[in-house]
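Below is a short note to go with the model. The points are numbered so that they can be answered one by one.

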Amino acid sequence: MNDPEAVIRAGLQALVPHLRRFVLLHLEKNYGPDFWQQLSRPGERPFKDTDPRALIKAGISEWESVFRLHAPGQVKQYLHLLRDVANRHAHHESVNADEVSHALATMRLLAVAVAGDQASPEFDRLLFQLSPARAEGAGARQAVPRPPGATSRLTDGALDPDLLDAYSALNKAVLCPACRTKVFKAWPLGWDAHAAFACGGVTLSDPEDRKRDFRTRFARLFR
Ligand SMILES: [Zn+2]
């Protein structure tokens with residue numbers, strides 16, 4: 001998926017269930033079952049809870065009175081940034097590749113802030129799909145293409161390094177990209193000792209050479 005518009009659309013759709021749950025829960029707690037009226041102002045389109053722009057807008061307009069107490073302060077910044085991107089997307093204004101990946105990373109932060117870590121894999125997948133080119137350079141093994149909807153989480157709970165980049169791998173449990181045996185509990189912590197002395201996926205003998213080889217082949221997983 002290289003079309004920026006399609007990626008933005010997919011990201012916004014992936015955001016809807018997480019944002020919806022959060023927004024409706026706190027609006028109802030605060031205003032009671034009639035909270036819909038609170039959001040439907042004269043002259044504006046009625047609030048629709050399947051519309052990502054409506055949910056983002058509600059998050060911003062009710063930030064001070066409702067959501068501020070239930071989310072970290074950065075969430076407000078995420079909402080503002082995404083409102084801008086979503087509006088430009090809706091008006092078919094062009095959004096460049098850097099802006100798209102920034103928007104996706106922001107959606108991921110927002111989803112995790114309101115719904116927890118389980119919300120992150122779908123955004124990791126979109127981030128990866130957005131820039132598979134990064135997986136190629138520097139002699140790295142080419143990533144294996146996966147069908148859409150394939151999970152990036154392997155059975156033992158570690159993530160598949162073929163589907164990640166430096167950003168999406170950071171601090172995650174990640175399978176070693178070279179030997180695919182070792183699991184790094186919080187990537188990239190410990191990569192150097194493993195590469196230097198233990199990794200079965202590196203064939204050189206000198207520890208410094210081994211580290212350099214590992215680092216070069218899997219440069220996309222390092223910032
Ligand atoms: Zn290894």
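Which residues are the protein donors of the zinc ion?

1. The donors are Cys176, Cys179 and Cys199, each through SG, together with His194 through NE2. They lie 2.1 to 2.3 Å from the zinc ion. Please keep in mind that this is a predicted model, and that these distances belong to it.

2. The site of the zinc ion is tetrahedral, and the angles among its four donor atoms run from 104 to 116°. For reference, the ideal angle for four tetrahedral donors is 109.5 degrees.

3. Along the sequence, the spacing of the donor residues is C-x2-C-x14-H-x4-C. Within this set, cysteine 179 and cysteine 199 link distant parts of the chain, 20 residues apart. Cysteine 179 sits in the loop between strand 1 (174–175) and strand 2 (183–184), while cysteine 199 sits in the loop between helix 8 (191–198) and helix 9 (207–217). Are these two cysteines buried or exposed? Both cysteine 179 and cysteine 199 are buried.

4. On the overall fold: the protein has nine helices and two strands. Read from the N terminus, the order of elements is α-α-α-α-α-α-α-β-β-α-α. The strands that flank the loop of cysteine 179 are strand 1 and strand 2.

5. On burial and packing: of the 223 residues in the protein, 45% are buried. Among contacts with a separation of 6 or more, 50% are between residues 24 or more positions apart. The exposed area of the protein is about 11,600 Å², and 54% of it is supplied by carbon and sulfur atoms.

6. On charge pairs: the whole structure contains 14 salt bridges. As background, side chains of opposite charge can pair when their charged atoms come close. One of the bridges joins glutamate 64 to arginine 68, with 3.1 Å between the closest N and O atoms. Arginine 68 has a relative accessible area of 43% and is therefore partly exposed.

7. Arginine 88 deserves its own point. Its side chain meets that of aspartate 84 in a salt bridge of 3.6 Å, N to O. Arginine 88 and aspartate 84 are four residues apart in helix 4 (residues 74–90), so about one helical turn separates them. Aspartate 84 is partly exposed, at 41% relative accessible area, whereas arginine 88 counts as buried because its relative accessibility is 18%, under the 20% cut-off.

8. Arginine 88 also forms a salt bridge with glutamate 99, where the closest N and O atoms are 3.3 Å apart. Because arginine 88 lies in helix 4 and glutamate 99 in helix 5 (residues 97–115), this pair ties together parts 11 residues apart in sequence. Glutamate 99 is partly exposed, with a relative accessible area of 29%. Which residues make up the network of salt bridges here? Asp84, Arg88, Glu93 and Glu99 are linked in it.

9. Last, arginine 220, which lies in the segment after helix 9. Arginine 220 is buried, its relative accessible area being 8%. What lies 3.0 Å from a polar atom of its side chain? The backbone oxygen of leucine 164 is at that distance from the side chain of arginine 220.

How values were computed: Residues numbered from 1 in each chain as written. Predicted model: local features only at pLDDT ≥ 70, side-chain atom pairs only at ≥ 80, totals over all residues. Heavy atoms only, no water. Donors = N, O, S within 2.8 Å, 3.2 Å for Na, K, Ca; no water. Tetrahedral: all angles 85-135°; square planar, octahedral: opposite > 155°, others 65-115°. Buried < 20%, exposed > 50% of the residue type's maximum accessible area, 1.4 Å probe, protein only. Contact = heavy atoms within 4.5 Å. Areas by Shrake-Rupley, 256 points an atom, 1.4 Å probe, with all protein chains shown as cover. Polar contact = N/O pair within 3.5 Å; in protein donor to acceptor, adjacent residues only side chain to side chain. Salt bridge = Lys/Arg side-chain N within 4 Å of Asp/Glu carboxyl O.
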